[in-house]
Amino acid sequence: MPLDLTQTLEIATCTDPGMVRSHNEDSIAADAANGLVVLADGMATTVIVSEMRQMLANVRPYDVDQRSNEEHGARLVREQVLKANSSIFQAAQSQPQYAGMGTTLVVCLFYDNRILVAHLGDSRLYLLRDGAFRQVTRDHSLLQEQIDSGIITAEQAKKAAHKNLVTKALGIDPTVEPEIHEYPTKPGDIYLLCSDGLCDMVEDEDIGMTLQALGGNLKLAAQQLVQMANDNGGRDNVSVILVRVLREYPGPRGVMAKMFAWLK
């Protein structure tokens, strides 16, 4: 029986075309029961979520896959990202209007008191924990590479013209390797997934302060963040997913877990 995380994770979402674009290319999806949230500035989210949901009905994400010797969680996320990449790449081949339009992506899977994060491009994951707010993912962008190599400072990067040149995205190449990490979670954590429509328009400091002030009401916090991006010009679609961890959610271990494994 898969663990149902509906009572463990509180999730709020908000997405908006912004002040300039006529339609919204962003897409977001959340499946609280399976502990899965996906945000992309383009297609891909629904495919990943519906496929992952089917897979997770049959395996537990923290069990080790005998063939690849890695946990099912990481294997499933990687496979689904690769699959989404192929379908977007193929669509771009057959429909020229999509050619070269990479989709940035953040996928989070919560299980066993952990969060598994896969990302591509400059959509981001942030964490507010014990009053401290920080960015968890590192952008796959030309700008980030220039900051890392000391060509420009983080301060100069804010004013750079080439903010949106990503070095990794879905659907540009026939195959792509998402960056995947996992981190322990704590009850009280608030995770923020957002498209660059938020972090290009609103300073990290202001995002963090807003979450601290309105964190008690996630829906309101999500709407306020989108509103701030629009108030600052809203040059792009803006999307936000907020996830609060309400309690511990360890994977069942020990004698009972072993018994279930034998019965399978």
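In this predicted model, the side chain of Asp-26 makes a polar contact with the side chain of Ser-195 at 3.0 Å. A polar contact also joins the side chain of Asp-26 to that of Ser-239, here at 2.7 Å. Asp-26 itself sits in the loop between β1 (9–16) and β2 (27–31). Although Asp-26 is buried, it has no salt bridge. The nearest side chain of opposite charge belongs to Arg-21, 7.3 Å away, and a salt bridge would require a side-chain nitrogen of Lys or Arg within 4 Å of a carboxyl oxygen. Once neighbours within four places in sequence are left aside, the contacts of Asp-26 include Thr-15, Ala-40, Asp-41 and Gly-42, along with Asn-237 and Val-238. The two serines, Ser-195 and Ser-239, are also among these contacts.

Attention turns next to strand β5, which spans residues 114–120. Of its 7 residues, 7 are buried, and the cover extends to both faces of the strand. One side carries Arg-114, Leu-116, Ala-118 and Leu-120, while Ile-115, Val-117 and His-119 lie on the other. β5 has pairing partners in β4 and β8: it pairs with β4 in the antiparallel sense over 7 bridges, and with β8 (residues 179–184), again antiparallel, over 6 bridges. Leu-116 offers a handy reference point for following these pairings. Its bridge partner toward β4 is Leu-109, and its partner in β8 is Glu-182. The hairpin of β4 and β5 has 2 residues between the strands, and there Asp-112 takes a positive phi near 55°.

The aromatic rings complete the picture. A pair of aromatic rings is described by the distance of the centres and the angle of the planes. The model holds 2 aromatic pairs. One of them joins Phe-110 and Tyr-191, with 5.6 Å from centre to centre and 70° between the planes, an edge-to-face arrangement. This pair links distant parts of the chain, as Phe-110 belongs to strand β4 (residues 105–111) and Tyr-191 to strand β9 (residues 190–194), 81 residues apart. Phe-110 counts as buried because its relative accessible area is 2%, and Tyr-191 is likewise buried, at 3% relative accessibility. Tyr-126 and Phe-133 also pair: their ring centres are 5.0 Å apart and their planes meet at 10°, so this pair is stacked. Within it, Tyr-126 has a relative accessible area of 1% and is therefore buried.

Note on methods:
Residues are numbered from 1 along each chain as its sequence is written. This is a predicted model: local features need pLDDT of at least 70, side-chain atom pairs count only at pLDDT 80 or more; totals for chains, interfaces and linings use all residues. Side-chain values use heavy atoms; hydrogens and water are left out. Rings of Phe, Tyr and Trp (its six-membered ring) pair if their centres lie within 6.5 Å; planes under 30 degrees apart count as stacked, over 60 as edge-to-face and the rest as tilted. Helices (H or I, at least four residues) and strands (E, at least two) are DSSP runs, numbered from the N terminus. Buried means under 20% relative accessible area, exposed over 50%, partly exposed in between (1.4 Å probe, protein chains only). Lys and Arg count as positive and Asp and Glu as negative; His and the chain ends are not counted. A polar contact is a pair of N or O atoms within 3.5 Å; within protein, one must be able to donate a hydrogen and the other to accept it, and residues adjacent in sequence count only if both atoms are side-chain atoms. Contact means heavy atoms within 4.5 Å. Two strands pair if DSSP finds at least two bridges between them.
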